[in-house]
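Got your viewer open? Let's take a short walk through this model, one selection at a time.

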Amino acid sequence: MITFQLPDGNNNSDFIKKLFNIISIELNNIYWCVGDLEIIPRYLGDYPGSGPHNYEEIAWKFGEKVEREKVVFLEEKDLYDVLNDTQSVRRGVFVCFFNNYPYDYNFHPIVEVTDVKNMQHSLAYLEIRILDDDLFFILTKDSNIISKLKYEFPEYLLA
């Protein structure tokens, strides 16, 4: 497990996108399971209140879906669409699975677990927990990904 701490957690979506980009370069044929999510959409200006508007509210709708369903499975492209519309993820769990594993709708990942050093699902390849906007806990058995992340983000690494 490695831990990162950001100096400005209120705007962590760019860091999260870079993190997911590094992971996606290393891994192919994956999907993500998201749970226990509190997401802050990107501010696009005042909402007109009435009349036409062209806000898609992707992050807002995704946050509502996770709250309603407790767990949401999505492909990388859809995850990037959500992150592009996000200012900050206050808390959340992102669990990576390979495509050949079936969705497990009985799995409900949470951020604050008692066993912090182990992933919450036996078939998970990687797990990212975000707590309080600025703490990122990354768990995987792949030492190559751990090394790559340490190399890419040394300024955020907690000893």
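Start by colouring by confidence, since this is a predicted model. Among the chain's elements, strand E5 (residues 126-131) has the highest mean pLDDT, 98, and H1 has the lowest, 94. For the chain, the mean pLDDT is 92, with 92% of its residues at 70 or more. Keep one habit in mind: where pLDDT is low, don't read the predicted coordinates in detail.

Next, select strand E2, residues 30-41, together with strand E4, residues 86-98. The two run antiparallel and are joined by ten bridges. Now add strand E3, residues 71-74. E3 also pairs with E2 in the antiparallel sense, this time over four bridges.

Zoom in on Trp32. Which residue stands opposite Trp32 in E4? That's Cys96. Look over to E3 and you'll find Leu74 as the bridge partner of Trp32.

Keep Trp32 selected, because you'll meet it again in the largest nonpolar core, a set of buried residues joined through side-chain atoms within 4.5 Å. This core has 35 residues, and Trp32 is among those with the most contacts inside it, along with Phe4, Leu19, Phe94, Ile128, Phe136 and Leu149. Show helix H1 (residues 13-26) too: it gives the most to this core, six residues.

Then click on Phe136. Leaving out residues up to four places away in sequence, its contacts include Ile2, Phe4, Phe15, Leu19 and Ile128. Polar names turn up as well, among them Thr3, Asn12 and Arg129.

Last stop: select Cys33, Val93, Phe107 and Ala124. These belong to a second, separate core of 14 residues.

Key. Residues are numbered from 1 along each chain as its sequence is written. This is a predicted model: local features need pLDDT of at least 70, side-chain atom pairs count only at pLDDT 80 or more; totals for chains, interfaces and linings use all residues. Side-chain values use heavy atoms; hydrogens and water are left out. Two strands pair if DSSP finds at least two bridges between them. Buried means under 20% relative accessible area, exposed over 50%, partly exposed in between (1.4 Å probe, protein chains only). Contact means heavy atoms within 4.5 Å. pLDDT is the predictor's confidence in each residue, from 0 to 100.
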